[in-house]
Amino acid sequence: MGREAVRIVSTCIEEADGGAAFIAKALGDIARAQGMTEIARQTGLSRESLYKALSGERSPSFDTVLKVVSALGLKLSADVRDGAEVA
């Protein structure tokens, strides 16, 4: 699922238009596919709180997102958008 997860999350980030809940839902789908119990163990969060945070109905904390991304074996990175200037 590794490369597929990267494709899914990357696409969601591009299409989210600032909607963190949309990205969280994608992470939740991937976490369920990999096993929420194991993701909960690795993040130190309860399964229940992960299901809620990654339901797509709310925006999880950035800390939760980072923990889940790491538990999924992914990493976040940044790049300059086309046409954007960074000081």
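In which helix is Ala-5 found? Ala-5 is found in helix 1. The model examined here is predicted. Within it, Ala-5 is buried, with a relative accessible area of 1%. Beyond residues up to four places away in sequence, Ala-5 touches Ile-30 and Leu-74. The chain also brings Gly-73 into this account. Ala-5 and Gly-73 stand 68 residues apart along the chain, and 9.4 Å separates their C-alpha atoms.

Helix 1 spans residues 2–15 and includes Ile-13. Ile-13 has a relative accessible area of 44% and is partly exposed. This residue contributes to a nonpolar surface patch, together with Phe-62, Leu-66 and Leu-76. The patch covers about 380 Å².

Ile-13 also belongs to the lining of the largest pocket. That pocket holds about 310 Å³ of space. Helix 1 supplies five lining residues, the largest share. Val-6, Val-9, Ser-10, Ile-13 and Glu-14 are among the residues that line the pocket. Others in the lining are Val-69, Gly-73, Leu-74, Lys-75, Leu-76 and Ser-77. Two of the residues already named in connection with the patch, Ile-13 and Leu-76, therefore appear in the lining as well. Leu-74, a contact of Ala-5, is likewise a lining residue. Gly-73 is another member of the lining.

Attention turns next to Thr-43. Thr-43 is found in helix 3, which covers residues 36–43. Its relative accessibility is 9%, so Thr-43 counts as buried, the limit being under 20%. Leaving aside neighbours within four places in sequence, Thr-43 is in contact with Leu-50, Lys-67, Val-68 and Ala-71. One of these contacts, Lys-67, also takes part in a salt bridge.

The structure holds six salt bridges. Side chains of opposite charge can pair when their charged atoms come close. Three of the pairs are described here.

In helix 5 (residues 62–71), Lys-67 and Asp-63 are four residues apart, which means a separation of about one helical turn. These two residues form a salt bridge, and their closest N and O atoms are 3.4 Å apart. Lys-67 is partly exposed, with a relative accessible area of 32%. Asp-63 is partly exposed too, at 45%. Elsewhere, salt bridges with shared partners join Lys-25, Asp-29 and Arg-32 into one network.

Within that network, Asp-29 forms a salt bridge with Arg-32. The closest N and O atoms of this pair are 2.7 Å apart. Both residues lie in helix 2, which runs over residues 20–34. They are three residues apart, about one turn of the helix. Asp-29 counts as partly exposed at 37% relative accessibility. Arg-32 is partly exposed, with a relative accessible area of 33%.

A further pair lies in helix 4 (residues 47–53), where Lys-52 and Glu-48 are four residues apart. About one helical turn separates Lys-52 from Glu-48. Their salt bridge places the closest N and O atoms 3.3 Å apart. Is each partner of this pair exposed or partly exposed? Lys-52 counts as partly exposed, at 42% relative accessibility. Glu-48 counts as exposed, at 54%, because that value is over 50%.

How values were computed:
Residues are numbered from 1 along each chain as its sequence is written. This is a predicted model: local features need pLDDT of at least 70, side-chain atom pairs count only at pLDDT 80 or more; totals for chains, interfaces and linings use all residues. Side-chain values use heavy atoms; hydrogens and water are left out. Patches are made of residues with over 30% relative accessible area and no salt bridge: like charges are joined within 9 Å, nonpolar side chains (Val, Leu, Ile, Met, Phe, Trp, Tyr) within 5 Å. Accessible areas come from the Shrake-Rupley method with a 1.4 Å probe; for residues, only the protein chains shown count as cover. A salt bridge is a side-chain nitrogen of Lys or Arg within 4 Å of a carboxyl oxygen of Asp or Glu. Helices (H or I, at least four residues) and strands (E, at least two) are DSSP runs, numbered from the N terminus. Buried means under 20% relative accessible area, exposed over 50%, partly exposed in between (1.4 Å probe, protein chains only). Contact means heavy atoms within 4.5 Å. On a 1 Å grid over the protein atoms alone, a cavity is a set of points where a 1.4 Å probe fits but cannot get out, and a pocket is an open set with protein on both sides within 12 Å along at least five of seven lines; lining residues have an atom within 4 Å of a point. Grid points are joined across faces, edges and corners, and a volume is the space filled by probe spheres set on the points.
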